[in-house]
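The exercises below concern cysteines, pockets and cavities in a single protein model. Work through each task with the structure open before reading the solution.

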Amino acid sequence: TSHCEGPPDSKQQATMDLRTTLVLAAGCCSTAFVFNAEFEERVVYNTREMWAPIIDPIGEPMLKADNKTYRPAVIVHGMGDSGTNPGMKSICKTVTAKYPGIFTLCSTTADGAASITTKMEQQLEEFHNEILAHPELSQGFNAVGLSQGNFLIEAYVALINDPPVHNFVSICGPLEGEATCPDNLAFKLICPIWKLDPYGAPLAFSGYWKGTKDKDEYLKKSQFLAKVLNELDTKNETVASNYKSLNTLLMIEATKDTMIEPKESEQHGMWQWGTTGSKAPIVAMRDSEGYKGDWIGLQTLDKAGKIKNSSFVGEHIRFTSEYWNDVVLPELGNYLED
């Protein structure tokens, strides 16, 4: 819808100026590249329809067991969103409404434009610092991610996990990566920049890009996703050990998702290597090399009954209050003493 894109002439000029700047910067010193304010404002505006929905509390609060402390919860927003936006605030409030006394962190790591223009490695560092800044989280926490926020949690579990994540609930997350630049409004200004250097562009998106057409190129150029999924030839035992320590991994897929491609990535599926596009064959989690080799511990978790899959009918993160209450909140009602 054109009314979401801003004045066409101005938008086109901003994109042209931005691409020109990026090309010039890439030719000399790409690390010096700075996104202009107009671009940041427009790219965030274009993501508004994919921000967290307003969620209402449902039902009565749960009664806490005597002499028990609820395990804290950390909720992480998606691309373009912010921990202080109405949807995210409403979601975080439902946690404390259901479990009175629980400590809930509505993460503000990489709010707004920073979630788009800050590389995932830096976002992970900032997220870790945010976690460490809250002593309430020092004994561990449950984590819920929305969209891109799940890749941030996934990377945290794989590469840091101190303090540890107990239950990880991923709502529409690119857990196996994103294998195409989505043809939608949210990515309208992102794709032209990303195409200049898919694995190395100064964008968060490049951190979880997976070009399934060329496996060798992916393994050679992926700067972050291949490390998180432990796909490189030299395996990182810490990644597998960290993931195996999860109590529950709940992966939620939106059946009509047009933001995560393929949508099966939300449950660790991906297009078959050597193929790409909507008609490409899907390799499901249990059929994948990573699962069979237990590279990040998925097979171990699965055989222990710690992996749960769920789905809702609808577009990217457009779940209802009822779904949130019935499926997600129960994963957050556990105690540190358990």
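**Exercise 1.** Determine whether cysteine 92 and cysteine 106 are buried or exposed in this predicted model, and describe the link between them.

*Solution.* Begin with the accessibility values, for which the cut-off for a buried residue is under 20% relative accessible area. Cysteine 92 has a relative accessibility of 9% and therefore counts as buried. Cysteine 106, at 17%, also falls under the cut-off, so this residue is buried too. Next, turn to the sulfur atoms: cysteine 92 and cysteine 106 are joined by a disulfide with an S to S distance of 2.1 Å. The angle about the S-S bond is 90°, and the link of these two cysteines is right-handed. Finally, place the pair along the chain: cysteine 92 belongs to helix H3 (residues 86-98) and cysteine 106 to strand E2 (residues 104-106), so that distant parts of the chain, 14 residues apart, are linked.

**Exercise 2.** Find how many disulfides the whole structure holds, and work out how the bonded cysteines pair in sequence order.

*Solution.* A search of the whole structure gives 2 disulfides. Besides the link of cysteine 92 to cysteine 106, there is a disulfide between cysteine 181 and cysteine 191, with the sulfur atoms 2.0 Å apart. Here the angle about the S-S bond is -100°, and the link is left-handed. This pair also connects distant parts of the chain, 10 residues apart, since cysteine 181 lies in the loop between strand E4 (165-171) and helix H7 (191-194), while cysteine 191 lies in helix H7. Both cysteine 181 and cysteine 191 are buried. When the bonded cysteines of the protein are numbered in sequence order, the pairing reads 1-2, 3-4. For cysteine 172, the relative accessibility is 0%, and this residue therefore counts as buried.

**Exercise 3.** Describe the largest pocket by its volume, and state which elements and residue classes contribute to its lining.

*Solution.* The volume of the largest pocket is about 380 Å³. Its lining is made up of 22 residues, of which Glu231, Trp273, Ser288, Glu289 and Gly290 are the closest to the centre. Two or more lining residues come from each of helix H9 (215-221), strand E6 (270-271) and helix H12 (289-292). Among these contributions, that of H12 is the most, at 3 residues. Sorted by class, the lining of the largest pocket holds 10 nonpolar, 5 polar and 7 charged residues.

**Exercise 4.** Establish how many cavities of 30 Å³ or more the structure contains, and set out the linings of the largest and the second largest by class.

*Solution.* The search of the whole structure finds 3 cavities of 30 Å³ or more. The largest cavity holds about 80 Å³ of space, and its lining includes Met50, Met79, Phe187, Tyr208, Met259 and Ile260. By class, this lining divides into 7 nonpolar, 3 polar and 1 charged residues. The second largest cavity has a volume of about 50 Å³, and among the residues that line it are Val76, His77, Thr109, Ser115, Gln123 and Leu152. Its lining has 3 nonpolar and 7 polar residues, with no charged residues. As a last step, look for residues listed in both linings: Gly78 and Gln148 appear in that of the largest cavity and also in that of the second largest.

Definitions and conventions
Residues numbered from 1 in each chain as written. Predicted model: local features only at pLDDT ≥ 70, side-chain atom pairs only at ≥ 80, totals over all residues. Heavy atoms only, no water. 1 Å grid on protein atoms, 1.4 Å probe; cavity = no way out; pocket = protein on both sides within 12 Å on 5 of 7 lines; lining within 4 Å. Points joined across faces, edges and corners; volume = space filled by probe spheres on them. Helix = DSSP H or I, 4+ residues; strand = E, 2+ residues; numbered from the N terminus. Nonpolar A, V, L, I, M, F, W, Y, C, P; charged D, E, K, R; others polar. Disulfide = S-S within 2.5 Å. Buried < 20%, exposed > 50% of the residue type's maximum accessible area, 1.4 Å probe, protein only.
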